[in-house]
Amino acid sequence: MRYHGANVYDMETGWRTVGTFFMRRHRTDEKNLAVAVEQTFQLLENQGKLLWIRNDSCVEHRQYTRKDGSMSAYRRAYGRKGSPDYVVVMPKQTIFVELKTAVGRSSPEQIEWQYKTHRLGIEYYLVRSTDELDKTLWRFGISLTGRQP
């Protein structure tokens, strides 16, 4: 379980508490992993151990009324195709983190991005679970509990 403020998120069941309400999350495994990873990053940022940003830049949702009076909507995403999910800044180190499910595969654009970052000397990590994230951060001496995962 990961704890963030009053919210509790359980990777196995997908349940979380918000105040006194329980709700079931209907998301893909990667979305559930993203919630847990972001909670971990936020806790570590609150402790002053790192800074992080989700690298999906911006998704714009707009609704508008057509001349005939009907409603329409569109979605527009900004950012570079293949870029990693997170940029994590730690003392004297910046890394990229890409999330995938246990069976998820990187796209050709993601593989190219990974190759380019390695050529520049920037570390790129493919993370498939919160345990992998904990082990990755431990390489840089960062842990939620202060102990090796």
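Is F140 buried, exposed or partly exposed? F140 is partly exposed, at a relative accessible area of 23%. The legends below come back to this residue and visit a few other spots; please keep in mind that the model is predicted.

**Close-up 1. Y125 and F140 meet edge-to-face.** Here the two ring centres sit 6.2 Å apart and the planes make an angle of 85 degrees, so the pair counts as edge-to-face. Y125 belongs to strand 10 (residues 123–127), while F140 is found in the segment after helix 3 (130–138), so this contact ties together parts that are 15 residues apart in sequence. The two partners differ in exposure: Y125 is buried, with a relative accessible area of 10%, whereas F140, at 23%, is partly exposed.

**Close-up 2. F96 and W113 make another edge-to-face pair.** Five aromatic pairs turn up in a search of the whole structure. In the one formed by F96 and W113, the rings are 6.5 Å apart, centre to centre, with 70 degrees between the planes. F96 comes from strand 9 (residues 93–99) and W113 from helix 2, so the pair ties together parts that are 17 residues apart in sequence. Both rings belong to buried residues: the relative accessible area is 13% for F96 and 19% for W113.

**Close-up 3. F96 and W113 also help to line the second largest pocket.** This pocket holds about 170 Å³ of space. Alongside F96 and W113, its lining includes R80, K81, E109, E112 and K116, as well as T117, L120 and I122. Helix 2 (residues 108–119) gives the most to this lining, with five residues. By character, the lining residues are five charged, four nonpolar and one polar.

**Close-up 4. Three aromatic residues gather in one cluster.** If you look for F41, W52 and Y86, you will find that they form a single aromatic cluster.

**Close-up 5. Four strands build an open sheet.** The strand order is 5-8-9-10, and the pairing is mixed. Strand 5 (51–54) and strand 10 are the edge strands, each pairing on one side only. From one strand to the next, the twist averages 20 degrees. As a general reminder, strands of a sheet pair through backbone hydrogen bonds, either parallel or antiparallel. Strand 5 and strand 8 (residues 86–90) run antiparallel and are joined by four bridges. To find your way along these two strands, look for I53, which stands opposite V87 in strand 8.

Notes:
Residues numbered from 1 in each chain as written. Predicted model: local features only at pLDDT ≥ 70, side-chain atom pairs only at ≥ 80, totals over all residues. Heavy atoms only, no water. 1 Å grid on protein atoms, 1.4 Å probe; cavity = no way out; pocket = protein on both sides within 12 Å on 5 of 7 lines; lining within 4 Å. Points joined across faces, edges and corners; volume = space filled by probe spheres on them. Nonpolar A, V, L, I, M, F, W, Y, C, P; charged D, E, K, R; others polar. Phe/Tyr/Trp six-rings, centres within 6.5 Å; stacked < 30°, edge-to-face > 60°. Buried < 20%, exposed > 50% of the residue type's maximum accessible area, 1.4 Å probe, protein only. Pairing = 2+ DSSP bridges. Axes fitted to C-alpha atoms, helices over the stretch in contact; angles between N-to-C directions.
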